[in-house]
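Me: I'm new to this one. Can you walk me through some of its helices?
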Amino acid sequence: MRPTGAFPATRMRRMRRDDFSRRLMRENVLTANDLIYPVFVLDGEQRTESVASMPGVERVSIDRLLHVAEEALTLGVPALALFPVIDAAGKTDGAEEAWNPDGLVPRTVQALKARFPELGVITDVALDPYTSHGQDGLIDPQDPRGYVMNDETLEALAKQALCHAQAGADVVAPSDMMDGRIGRIRTELDRAGHIHTRILAYSAKYASSFYGPFRDAVGSAGNLGKGNKYTYQMDPANSDEAIREVALDIAEGADMFMVKPGMPYLDIVRRVKRELEVPTYVYQVSGEYAMLKAAGANGWLDEKACAMEALLSFKRAGADGILTYYALDAARWMKSGA
């Protein structure tokens with residue numbers, strides 16, 4: 001640390017005295033440009049379903065999602081991240097619906113890009129919405145442990161990513177945590193001529209307990225049951241391992257790198273940005289959102305103030321972008337200046 005002057009010649013509070021001087025020395029600024037809005041889409045028309053464990057969040061059909069997308073653009077939010085809600089009939093052991101060109105995600109991407117070509121569209125590449133067992137990969141039915149097979153899953157993920165790119169997705173975001181999936185997907189995309197399709201790698205995705213409301217929202221909680229994802233998502237105790245994971249994804253051709261969850265892992269965001277100097281993103285996950293909503297609803301916290309403080313903390317830690325269910329609210333608050 002650089003030496004500083006001593007009191008009373010140095011008074012740190014002098015620069016905090018007035019609004020103008022606080023603004024002049026502010027080190028980090030949050031804007032709508034930093035936000036990505038995760039949305040849940042379901043089949044049908046004129047459908048809206050509330051997510052009980054995520055107040056204010058809804059599952060919507062494609063026609064209603066178009067209105068959400070228009071609002072996001074109006075508020076200056078640059079991109080949406082799509083998460084599908086697949087009907088039970090579409091879930092199988094082999095997750096074949098994941099690369100159906102007429103499936104829910106390709107149709108959603110096509111509708112969004114046709115109506116709003118300037119909007120960034122990010123798709124989730126993982127099999128858990130499509131598997132009957134709720135895991136992010138394929139399982140050998142003869143294996144009593146139910147261990148997720150790595151290399152066999154890579155082939156399914158490559159087909160899924162290519163399907164999304166062919167539909168017009170700007171960014172594919174593998175969130176599965178299989179070894180080698182970035183390289184396999186990059187090869188598949190490049191071979192098919194999709195050299196401009198970006199890969200947002202969930203490089204440091206932890207086996208966190210903060211994902212519960214999300215699994216409710218996409219309908220995978222019931223399929224997963226008492227199962228867990230400890231054999232492929234990262235141990236919350238590890239930090240150096242996250243740096244290795246990101247470094248591998250850099251080598252395999254990813255363009256953007258995700259740390260998930262957010263606030264419990266600010267140290268990881270900081271390390272990734274400082275040590276590897278790559279475009280770094282963070283996901284303020286469903287459990288983080290739900291806690292703030294619940295505390296606000298009970299009058300225990302000022303929800304808006306705490307939500308904005310949390311988002312700013314991601315920027316301070318080094319994040320270039322933030323996936324958050326608060327994206328539209330935060331953009332409204334910043335736009336109004338309230």
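Reply: Sure, and a definition comes in handy before we start. Helices and strands here are DSSP runs, numbered from the N terminus; a helix has at least four residues. Just after one of them, α5, Gly 193 takes a positive phi of about 90°. Keep in mind that this is a predicted model.

Me: Which helix is followed by Gly 168, and what is the sign of its phi?
Reply: Gly 168 follows α4. Its phi is positive, near 115°.

Me: Back to α5. Is it mostly covered or mostly open?
Reply: Mostly covered. In α5, 8 of its 11 residues are buried. They are Arg 181, Ile 182, Gly 183, Arg 184, Ile 185, Arg 186, Glu 188 and Leu 189.

Me: What covers the buried residues of α5?
Reply: The cover includes strands β5, β8 and β9 (198–205), plus helices α4 and α8 (240–252).

Me: And α4, which residues are buried there?
Reply: Thr 153, Leu 154, Ala 156, Leu 157, Ala 158, Gln 160, Ala 161, Leu 162, Cys 163, His 164, Ala 165 and Ala 167. These buried residues pack against helices α3 and α5 (181–191). They also pack against strands β5, β6 (138–139), β7 (148–149) and β8 (171–174).

Me: What span should the 18 residues of α4 have?
Reply: At 1.5 Å a residue, 26 Å. The end C-alpha atoms of α4 are 26 Å apart, which agrees.

Me: Same check for α3: what span should its 12 residues have?
Reply: The expected span of α3 (residues 104–115) is 16 Å. Its end C-alpha atoms are 17 Å apart, which agrees.

Me: Which residues of α3 are buried, and what do they pack against?
Reply: Leu 104, Val 105, Pro 106, Thr 108, Val 109, Leu 112 and Lys 113 are buried. They pack against strands β1 (35–42), β4 (79–85) and β5 (120–125). Helices α2 (62–75) and α4 (150–167) are packing partners too.

Me: New topic: Tyr 130. Where does it lie?
Reply: In the loop between β5 and β6.

Me: Is Tyr 130 buried or exposed?
Reply: Buried. Its relative accessible area is 3%, and buried means under 20%.

Me: What does Tyr 130 touch, leaving out residues up to four places away in sequence?
Reply: Pro 84, Ile 86, Gly 90, Lys 91, Thr 92, Ala 95, Glu 97, Ala 98, Val 105 and Gln 160. Two of those came up earlier: Val 105 is among the buried residues of α3, and Gln 160 is among those of α4.

Me: Now helix pairs. How do α8 and α9 pack?
Reply: At an angle of about 50°, with their axes 10 Å apart. That makes α8 oblique to α9. The crossing is right-handed.

Me: Which residues of α8 and α9 meet?
Reply: From α8, Asp 240, Ala 242, Ile 243, Val 246, Ala 247 and Ile 250. From α9, Ile 268, Arg 271, Val 272, Glu 275 and Leu 276. By class, that contact has 8 nonpolar, no polar and 3 charged residues.

Me: What about α10 and α11, at what angle do they cross?
Reply: Roughly 155°, and the axes come within 9 Å. An angle over 145 degrees counts as roughly antiparallel, so α10 and α11 are roughly antiparallel to each other. α10 passes α11 in a right-handed crossing.

Me: Which residues make the contact there?
Reply: Glu 288, Leu 292, Lys 293 and Gly 296 of α10, with Glu 303, Cys 306, Ala 307 and Phe 314 of α11. By class, the contact has 4 nonpolar, 1 polar and 3 charged residues.

Definitions and conventions:
Residues numbered from 1 in each chain as written. Predicted model: local features only at pLDDT ≥ 70, side-chain atom pairs only at ≥ 80, totals over all residues. Heavy atoms only, no water. Axes fitted to C-alpha atoms, helices over the stretch in contact; angles between N-to-C directions. Helix = DSSP H or I, 4+ residues; strand = E, 2+ residues; numbered from the N terminus. Parallel < 35°, antiparallel > 145°, perpendicular 65-115°, else oblique. Left-handed = near helix turned anticlockwise from the far one by under 90°. Contact = heavy atoms within 4.5 Å. Nonpolar A, V, L, I, M, F, W, Y, C, P; charged D, E, K, R; others polar. Expected span 1.5 Å × (residues − 1). Buried < 20%, exposed > 50% of the residue type's maximum accessible area, 1.4 Å probe, protein only.
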